[in-house]
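Here is a friendly walk through one molecular structure, written for someone who likes to check geometry against coordinates. Please keep the viewer open as you read.

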Amino acid sequence: MQKFFEKYAFGVCTRLGEKLRIPTSGIRLFFIYTSFLTFGSPIIVYLALAFVMNFRKMLRRRDNSIWYY
């Protein structure tokens with residue numbers, strides 16, 4: 001089940017874990033527990049991070065194309 005979510009999810013927790021050198025399971029648990037305690041506000045942060053990561057990936061992909069100019 002974890003491989004399914006890693007493949008089809010945004011990869012925010014994995015990327016944060018790599019950058020901060022923290023286990024991804026701890027980051028995932030943090031998002032889950034704080035979502036229950038604060039009625040879902042960390043979900044907005046998670047989606048914003050996913051949007052920024054996807055946007056940066058799109059910009060990197062576009063700049064490397066020889067057909068861009």
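What follows looks at one helix, the nonpolar core, the aromatic pairs and two loop residues in a predicted model.

**Helix α3**

Let's begin with helix α3, which covers residues 24–37. Its length is a handy check on the geometry: at 1.5 Å a residue, the 14 residues should span 20 Å, and the end C-alpha atoms are indeed 20 Å apart, so expectation and model agree.

Which residues of α3 are buried? They are Ile27, Phe31, Thr34 and Ser35. These buried residues cover an arc of only 105° around the axis, which means that they sit on the same side of α3. Turn to the face pointing away from that buried side, and you will find the exposed residues Tyr33, Phe36 and Leu37.

**The nonpolar core**

Two of the buried α3 residues, Ile27 and Phe31, reappear in the largest nonpolar core. This core has six residues in all: Val12, Cys13, Ile27, Phe31, Tyr46 and Ala50. Three helices contribute to the core, with α2 (12–20), α3 and α4 (41–63) each supplying at least two residues. If you select Ala50 and leave aside its neighbours within four places in sequence, you will see that Ala50 is in contact with Phe10 and Val12.

**Aromatic pairs**

How many aromatic pairs does a search of the whole structure find? There are four. In one of them, the rings of Phe31 and Tyr46 have their centres 5.4 Å apart and their planes at 80°; planes over 60 degrees apart count as edge-to-face, so this pair falls in that class. Because Phe31 lies in helix α3 and Tyr46 in helix α4, the pair ties together parts that are 15 residues apart in sequence. Both partners are buried: Phe31 has a relative accessible area of 12%, and Tyr46 has one of 19%, which is under the 20% cut-off.

Another pair joins Phe51 and Phe55, whose ring centres are 6.2 Å apart with planes at 20°, so the pair is stacked. Phe51 and Phe55 both lie in helix α4, four residues apart, which is about one turn of the helix. As for accessibility, Phe51 is exposed at 57%, while Phe55 counts as partly exposed at 39%.

Here are these two pairs side by side.

| Pair | Centre distance | Plane angle | Class |
|---|---|---|---|
| Phe31 and Tyr46 | 5.4 Å | 80° | edge-to-face |
| Phe51 and Phe55 | 6.2 Å | 20° | stacked |

Ring pairs also link Phe10, Phe30, Phe31 and Tyr46 into a cluster. Phe31 and Tyr46 therefore belong both to this cluster and to the nonpolar core described above, whose cut-off for joining is side-chain atoms within 4.5 Å.

**Two loop residues with positive phi**

To finish, have a look at the backbone. Most residues other than glycine have a negative phi. Where are the residues that depart from this pattern? One is Arg21, in the loop between α2 and α3, with a positive phi near 55°. Arg21 is exposed, with a relative accessible area of 78%.

Phe39 is another: this residue is not a glycine, yet its phi is positive, about 60°. Phe39 follows α3 and lies in the loop between α3 and α4. At 79% relative accessibility, Phe39 counts as exposed.

Conventions: Residues numbered from 1 in each chain as written. Predicted model: local features only at pLDDT ≥ 70, side-chain atom pairs only at ≥ 80, totals over all residues. Heavy atoms only, no water. Expected span 1.5 Å × (residues − 1). Buried < 20%, exposed > 50% of the residue type's maximum accessible area, 1.4 Å probe, protein only. Arc of directions from axis to C-beta. Contact = heavy atoms within 4.5 Å. Phe/Tyr/Trp six-rings, centres within 6.5 Å; stacked < 30°, edge-to-face > 60°.
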